[in-house]
Protein chains: 2
Amino acid sequence: MARFKVVLAYDGTNFAGFQRQPHQRTVEGVLTNVINKMAKHPNPAIIVYGSGRTDAGVHALGQVIHFDFPFKISEIGMLKGINSMLPLDMEVSQVIIVDDDFHARYDVSGKRYLYRFDLSEFINPFKRFYTGHWRFPVDINRIKQAIPSLVGEHDFSSFVASGSTAKTNVRTIYEATCYLDRKQNEVVLEFYGNGFLYNMVRIMAGVLIEIGSNRRDVNDIERLFKVKNRNQARLTAPASGLYLKRVYYEGDDPDHPTKLPVKQR
Amino acid sequence: MARFKVVLAYDGTNFAGFQRQPHQRTVEGVLTNVINKMAKHPNPAIIVYGSGRTDAGVHALGQVIHFDFPFKISEIGMLKGINSMLPLDMEVSQVIIVDDDFHARYDVSGKRYLYRFDLSEFINPFKRFYTGHWRFPVDINRIKQAIPSLVGEHDFSSFVASGSTAKTNVRTIYEATCYLDRKQNEVVLEFYGNGFLYNMVRIMAGVLIEIGSNRRDVNDIERLFKVKNRNQARLTAPASGLYLKRVYYEGDDPDHPTKLPVKQR
């Protein structure tokens, strides 16, 4: 019996999110089936633990899961084995045998998300599932001016969707950056923090794109932190533009070794 | 009554090709419905003429159609009108009112196609519908050495799929280029010619990628021209990697104003 940490990408378009649900195609459901099949359906069944959920339509470039596998198999054997059985909208990029006490969710020290807004006047047929769409003029310098306000430890109560079960809305963002990809005609936002609340990245993306289009003051984020009222943040940017880029564990990032107060245990 | 030339892009993934077919979702079918709806279903119905077919799964960045519209409407009004009614996997990029004798198919003087091969070891979840996949090492310099052999007037009998109804297999290629996109990990091929036979670009792409992977001699294209035998070309690269990039009409390209022997009339 060995514990495997697996890093994987998926196109969220045709999944009803990460979490297993009856009669729905989910990332967790597909992975659980594939891994139990590889192990010839042991009893009890192998359980797959993810670093956290992603919603329907949200993509992952580097989601992390772990599970215990009953047969001896090398890391590369596991990687090729899973990939040969996964559907084409999922792909494992890394497999590591880890200590028996590693936990994909409890040991998370940080996550990195990407958000892409396509700025075309009409929705680009090739991007409809892979970006959010914003058809109004954007001044990237306004977003660049505003985005540092998000960095640091804040109460994100204005940036959490109803339905969140988090005990506290305080989170720390280590990095928040943006750039205009002129070739792709996209605004790309990136957030790295110790944890993110339900819909938090999509709500931050909505606020920032409104700032870029002059629909909010450049200093509006500070006001939103103060009012602690989700209705003030208005938009939740569409799931299609959101990517879970990377999940960090202790030791993964030497820049933030001690900033781990909100372990999601 | 005015004749409209319309340039459009579509994601071919969810279409059974361009040409109208009963009980199938096709590009021509969707366009015909939308344009007749805009004209309040005239009798006889408005007919949509395309520059040529694309197969199921093949994409277009710049397909061209024409039709006659019974009501007065500006070019920009037509563009916004069609786009507001099209599904999200199609998008009109340009509308021009043209002379009554313009014909989207008969007047074609050239076409430009793009082919993308993704070189990842496993199929990239985000590219499965948008590239061909080639998992073997490729030496781009071998393709660069071979690709100029395609340029010029040749008998492409080795590069045409069975089922072609063309009277002659002679076509002229004006430009054939390739490059390695390191960031995307893709080989990108581009072909500009006066006309292309059934599956011709996909067969040329298959031959070139095999040359790149040392499975064919760099000079094999000249041999294929001589033998005039489609079986010798083996592979047809997948539809998912093929894009109709642009359709040219007389006057569109000052570099090739007189090279129009194979008008597809």
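**Chain A against chain B**

I started with B:D11 and A:R128, whose side chains form a salt bridge at 3.0 Å, N to O. This is a predicted model, so I only take side-chain atom pairs at pLDDT 80 or more. Next I counted: chain A and chain B share 6 salt bridges. Each chain puts residues into the contact, 23 from chain A and 23 from chain B. I get a buried area of about 1,900 Å² between chain A and chain B, with carbon and sulfur atoms giving 67% of it. A:R128 turns up again here: with A:F122 and A:F126 it supplies 35% of the area that chain A buries against chain B, more than any other three residues.

**Rings**

A:F126 made me look at the aromatics. I found a cluster linked by ring pairs, made of A:F126, A:F129, A:Y130 and A:Y243 together with B:F126, B:F129, B:Y130 and B:Y243. Over all chains I count 37 aromatic pairs. One of them is A:F67 with A:F69, edge-to-face, with 6.4 Å between centres and 70° between planes. Both A:F67 and A:F69 are buried.

Then I checked B:F159 and B:F225: their ring centres are 5.6 Å apart and the planes sit at 55°, so I log this pair as tilted. B:F159 is in the loop between β7 (152-155) and β8 (170-181) of chain B, while B:F225 is in helix α5 (residues 220-227) of chain B, so the pair ties together parts 66 residues apart in sequence. B:F159 has a relative accessible area of 1% and B:F225 has 9%. The cut-off for buried is under 20%, so B:F159 counts as buried, and so does B:F225.

I also looked for charges over rings. In chain A, the charged end of A:R215 sits over the ring of A:F136, 4.2 Å from its centre. In chain B, I noted B:R215 over the face of B:F136, at 4.2 Å from the ring centre.

**The two domains of chain A**

The domain assignment splits chain A into domain 1 (2-98) and domain 2 (109-249). I put their C-alpha centres 28 Å apart. Their contact involves 16 residues from domain 1 of chain A and 16 residues from domain 2 of chain A. Together they bury about 1,200 Å², 57% of it on carbon and sulfur atoms. On the domain 1 side, A:D55, A:H59 and A:L61 lose the most area to domain 2, together 39% of what that side buries. I find 1 salt bridge across this interface. I also have A:D55 in a salt bridge with A:R202, at 3.7 Å between the closest N and O atoms.

**Salt bridges elsewhere**

My count over all chains is 32 salt bridges. A:R112 pairs with A:E190, closest N and O atoms 2.9 Å apart. That one links strand β5 (residues 108-118) of chain A, which holds A:R112, to strand β9 (residues 186-193) of chain A, which holds A:E190, 78 residues apart. A:R112 and A:E190 are both buried.

I looked up A:E186 next, and A:E186 bridges to A:K127, again with 2.9 Å between the closest N and O atoms. A:E186 lies in strand β9 of chain A and A:K127 in the loop between β5 and β6 (132-133) of chain A, 59 residues apart. Both partners, A:E186 and A:K127, are buried.

Last, in chain B, I have B:R216 and B:E210 in a salt bridge (2.9 Å, N to O). B:R216 is buried at 6% relative accessible area, and B:E210 is buried at 6%. In chain A, shared partners join A:E210, A:R216, A:D220, A:R223 and A:R234 into one salt-bridge network.

Note on methods
Residues numbered from 1 in each chain as written. Chains lettered and ligands numbered in written order. Heavy atoms only, no water. Phe/Tyr/Trp six-rings, centres within 6.5 Å; stacked < 30°, edge-to-face > 60°. Buried < 20%, exposed > 50% of the residue type's maximum accessible area, 1.4 Å probe, protein only. Helix = DSSP H or I, 4+ residues; strand = E, 2+ residues; numbered from the N terminus. Lys NZ or Arg CZ within 6 Å of the ring centre and 35° of its normal. Domains from an automatic or database assignment. Contact = heavy atoms within 4.5 Å. Buried area = accessible area lost by both parts, 1.4 Å probe. Salt bridge = Lys/Arg side-chain N within 4 Å of Asp/Glu carboxyl O.
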